[in-house]
There are 2 protein chains.
Amino acid sequence: MQALIERIMRDGKNLGNGILKVDNFINHQVDPELMYACGAEFARRFARIGATRILTAEISGIAPALMTGMHMNLPVVYARKSKPVTMPDTVYLTVAPSHTKGRMVELIVSPEYLGNGERVLIIDDFLASGATIQGLVRLAQAAGSELVGIGTLIEKSFEGGRAVLAHLNVPIESLACIDSMENGEIHFC
Amino acid sequence: MQALIERIMRDGKNLGNGILKVDNFINHQVDPELMYACGAEFARRFARIGATRILTAEISGIAPALMTGMHMNLPVVYARKSKPVTMPDTVYLTVAPSHTKGRMVELIVSPEYLGNGERVLIIDDFLASGATIQGLVRLAQAAGSELVGIGTLIEKSFEGGRAVLAHLNVPIESLACIDSMENGEIHFC
């Protein structure tokens, strides 16, 4: 998606060690218009998968998931990383390694909002190693939901996440794909 | 705002001790259409304050802030509760008590995205004791920004937050106001 690629070229920063800083428009400051356009593009690409619910992980998945949900007229569920007092005692919980935090984090979903027979579209900001998305897939499976698609704003193809997720046999869409961050550069697929 | 009040009446749950559960449409599952409408209403109410940036706190403030930013054509900054590796070494940080977590949490903003001369509109999900919003106000002040308005989806007027914020002398708007949660009821102002 050209608008996102151009924004990464303009405002993205290669911090080394494969870390792409996009705090200017996704991860700390958010550009609502760009997210709106990304949501429209996901809605177009996933128009035919029959999704009934969108699943994402707090925090940075919320903006693209919300905009996709708006365009597809679907509710959005974001997995929590800690269990608030408003959640029931029994929940779906899995752990996944966090890239930016350097430790394992919990992903928690209430059975109230993810259940048997739902057709789940996962939306997140990054597809890197695929570990967070695998965690979301486990939550959907635990709930008896069917995974029908995976969409991410930015794929770092050199981290191999797409191959890790291939066995799920659902469409995987990324709006910008980066295949190398060697030598301080950001090279698009 | 009638649509939000009706949704609280239908899907909100009074868990006792002043805790209102709105996980069905704001805090865990999000209704994008409702958030879109709330964003439009904030944009209408704050049309004349000359805001240049919207400030919120992760996690649950992101959805209403993003939709308000879309309608007002403004960037949204969400204060982080932990410092990711992409943030610079020197940041604005304050602490505020978290209602739902029962402990102090940090609120962190990078000087990259909040600076001198900005006119800041704070948007959040709840106005209860006002403690989180006071934290956001301190961050804006530390950055040299001017506070120009405060908007929240739901005000629990019996917790007194509005009085705590009155000295700031900016418009405070809530889209639904609850003045009592005694005896398991939810009573609107």
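Buried here means under 20% relative accessible area. Keep that in hand for this predicted model.

**Exercise 1.** Work out whether F42(A) and F46(A) are buried or exposed, and how their rings are arranged.

*Solution.* Start with the areas. F42(A) has a relative accessible area of 0%, so it is buried. F46(A) comes in at 1%, so it is buried too. Now the rings: their centres lie 6.2 Å apart, with planes at 25°. Pairing asks for centres within 6.5 Å, and planes under 30 degrees apart count as stacked, so F42(A) and F46(A) form a stacked pair.

Next, try chain B. F42(B) and F46(B) also have centres 6.2 Å apart and planes at 25°, so that pair is stacked. F42(B) is buried at 0%, and F46(B) is buried at 0%. Over all chains, the structure has 2 aromatic pairs.

**Exercise 2.** Find which lysine lies over the face of F126(A), then look at F126(B).

*Solution.* In chain A, K156(A) sits over the face of F126(A), 5.5 Å from the ring centre. In chain B, K156(B) lies over F126(B), at 5.5 Å from the ring centre.

**Exercise 3.** Trace the open sheet of 7 strands and find its edges.

*Solution.* Walk along the order: 3(A)-5(B)-4(B)-8(B)-9(B)-10(B)-11(B), with mixed pairing. The edges are strand 3 (29-30) of chain A and strand 11 (187-188) of chain B, each pairing on one side only. Further in, strands 4 (residues 53-57) and 5 (residues 76-79) of chain B pair in the parallel sense over 4 bridges. There, L55(B) stands opposite V77(B).

Terms used:
Residues numbered from 1 in each chain as written. Chains lettered and ligands numbered in written order. Predicted model: local features only at pLDDT ≥ 70, side-chain atom pairs only at ≥ 80, totals over all residues. Heavy atoms only, no water. Phe/Tyr/Trp six-rings, centres within 6.5 Å; stacked < 30°, edge-to-face > 60°. Buried < 20%, exposed > 50% of the residue type's maximum accessible area, 1.4 Å probe, protein only. Lys NZ or Arg CZ within 6 Å of the ring centre and 35° of its normal. Pairing = 2+ DSSP bridges. Helix = DSSP H or I, 4+ residues; strand = E, 2+ residues; numbered from the N terminus.
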